[in-house]
Amino acid sequence: MQVLSQSIARSAPPALRTGRGLHAAWWMPVILMLLAAPAFAADNVMPTSTMPWWFWPLALFVTCFLIGIVAVPAGIGGGTLFVPIIGGFFPFHLDFVRGAGLLVALASALAAGPMLLRGGLSSLRLALPLALLASMSSIAGALLGLALPASVIQTALGMIVLGIVTLMLFSKKSEFPHVAQPDRLSSALGIHGVFIDGASGQAINWQVHRTPLGLLIFLAIGVMAGMFGIGAGWANVPALNLLMGAPLKVSAGTSGLVLSLVDSSAAWVYLNRGAVLPMIAVPSVVGMMLGARIGARLLHVLKGSVIRKMVITLLLFAGMRALLKGLGVWV
Amino acid sequence: MTQQQEALRYASLLGWGTRLGVFALIASFAVYVLGVLPPHVPLEQLPSVWNLPVATYLQHTGTPTGWGWLSLAHKGDLSGLIGISLLAGCSLPPLLGLIPLYVKRRDYVYAAICGMVAGVLVLAASGVLTGGH
């Protein structure tokens, strides 16, 4: 069966090997076309593992549990770490890793969503218009991701992960950004609110600006979330906080709500295409959820800055691995 | 105050949906791994197929796309998709639950936005866009 499966994979026509959705090719950005040239050198089929079947799901559970623990103190979504690490070092095809990655990000967002909404840290009025556009574009991103060769996605993923590392190293955060005047669109939609800051106990009034640009940015974020199967909290929070001027805590809470809708749409595409294997998805989701619970409890014990540096190093390594794997340099 | 009412309704429906999804996810996985239901793809054969691109995997294992798995939900591995589908769909009831609240307040723009987000989710789930039938 092993020989047969590999021979099928090698002899299958390119359209089959690279995913079925050539009808989505019209949407292909020029940059990915350019990336494809060197990346075709790397084959899409991962080497077959000689370990027993139960080894990898168990290793996946343990890895996701550990990712879940460090993700919370590092202030990054588990989904962002999941795809580059599991895609780089586990024997699963990237199609299944991205499907599982979306579910990991979705489950994390869903688990936190109700609490954040009840606490006033997540705004429906802010999230819904952004989620509408990002959900639509995440479907396009997922279709595009499943239509492109895995090596192209690996290469682009490597670049994105290295971009996230740069963002984590250099981006600034603003606890309470100053928004002098809300824009017309946010005023028309009534996007504003009040939240009680837990640290000071004060009621903070907030409003947003640059809403049209924010909507455009979320359109792009949706494409990336669907294409790479990574949660997009790393992009959502700076867009909401630095661009639109929402307070940092509201940005983080609302980002989770947007993610829950965006990842749901993209996850359906992966599900319908058969790219979700319960043997990969379930240990990942359960491991990550348990790890995140421990991580949240250790939040006050662990030194956040140390964990953050460790996660940045890990992401840097995983990003380089994805890039070199995609380019066929380190297969 | 009205925003809080929306948030509470959404949070309540989302919380229940998530709990149901996670429970179904874990229960169906236990059924799968413990061999209560025979899997569509034998467990010991998984390492030789999970490294293949999804199209080749589907062709090789004869796994259906779209909602075709429902007819094979009595198979251990495909029964796991029940919990996954519940998780992927659990934002739909809260979205639909908000519409009457917005309509009652004559906030037709947000009622329409909720309806459109729900429509996008239904469209994605239907498999129409992915040729999943």
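This is a walk through a predicted model of two chains, A and B, taken one at a time and then together.

Let's start with chain A. Its secondary structure comprises 14 helices and two strands. Of its 331 residues, 60% count as buried. The chain also brings distant parts of its sequence together: among contacts between residues at least 6 apart, 85% join residues at least 24 apart.

Before going further, it helps to ask how confident the predictor is in chain A. The average pLDDT is 82, and 84% of the residues score at least 70. That confidence varies from element to element, with helix H9 (residues 184-189) of chain A having the highest mean, 96, and H2(A) the lowest, 38. The stretch to be careful with is residues 1-43 of chain A, where pLDDT stays under 50. The model does give this stretch 73 contacts beyond four places in sequence. Still, where pLDDT is low, the predicted coordinates should not be read in detail.

A good helix to look at in chain A is H13, residues 278-297. How far apart are its end C-alpha atoms? They are 28 Å apart, and this agrees with expectation because 20 residues at 1.5 Å a residue should span 28 Å. Most of H13(A) is covered, as 15 of its 20 residues are buried.

Now turn to chain B, whose 133 residues are 44% buried. Here there are five helices and zero strands, so the order along the sequence reads simply α-α-α-α-α. What is the radius of gyration of chain B? The value is 19 Å, whereas a compact globule of 133 residues would have one near 14 Å. The C-alpha trace tells you about the dimensions too, spanning about 55 × 30 × 25 Å along its principal axes. Among contacts in chain B with a separation of 6 or more, 68% are between residues 24 or more positions apart.

Two places in chain B are worth a closer look. In helix H2 (residues 54-61) of chain B, the buried residues are Val54(B), Ala55(B), Thr56(B) and Tyr57(B). Just after H2(B) comes Gly62(B), with a positive phi of about 70°. Further along, Pro100(B) sits in helix H4 (residues 92-104) of chain B. Is Pro100(B) buried or exposed? Pro100(B) is exposed, because only 12 other C-beta atoms lie within 10 Å, and 12 or fewer is the cut-off for that class. Pro100(B) and Leu46(B) lie 54 residues apart in sequence, and their C-alpha atoms are 47 Å apart in space.

Finally, put the chains together. In all, 68 residues of chain A are in contact with 56 residues of chain B. On the chain A side, the helices that each supply at least two residues include H1 (2-11), H6 (94-118), H7 (124-147), H12 (248-272) and H13. By class, that side has 46 nonpolar, 16 polar and six charged residues.

The largest nonpolar core has 150 residues. Those with the most contacts inside this core are Leu103(A), Leu106(A), Ala131(A), Val276(A), Val285(A) and Val117(B). H7(A) contributes the largest share, 17 residues. Val276(A) makes a nice example to inspect: leaving out residues up to four places away in sequence, Val276(A) touches residues of chain A including Gly99(A), Leu103(A) and Ala281(A), and from chain B Leu81(B) and Ile84(B).

Methods:
Residues numbered from 1 in each chain as written. Chains lettered and ligands numbered in written order. Predicted model: local features only at pLDDT ≥ 70, side-chain atom pairs only at ≥ 80, totals over all residues. Helix = DSSP H or I, 4+ residues; strand = E, 2+ residues; numbered from the N terminus. Expected span 1.5 Å × (residues − 1). Contact = placed C-beta atoms within 7 Å. Nonpolar A, V, L, I, M, F, W, Y, C, P; charged D, E, K, R; others polar. pLDDT = per-residue confidence, 0-100. Core = buried A, V, L, I, M, F, W, Y, C linked by C-beta atoms within 7 Å. Rg over C-alpha atoms; globule rule 2.2 N^0.38 Å.
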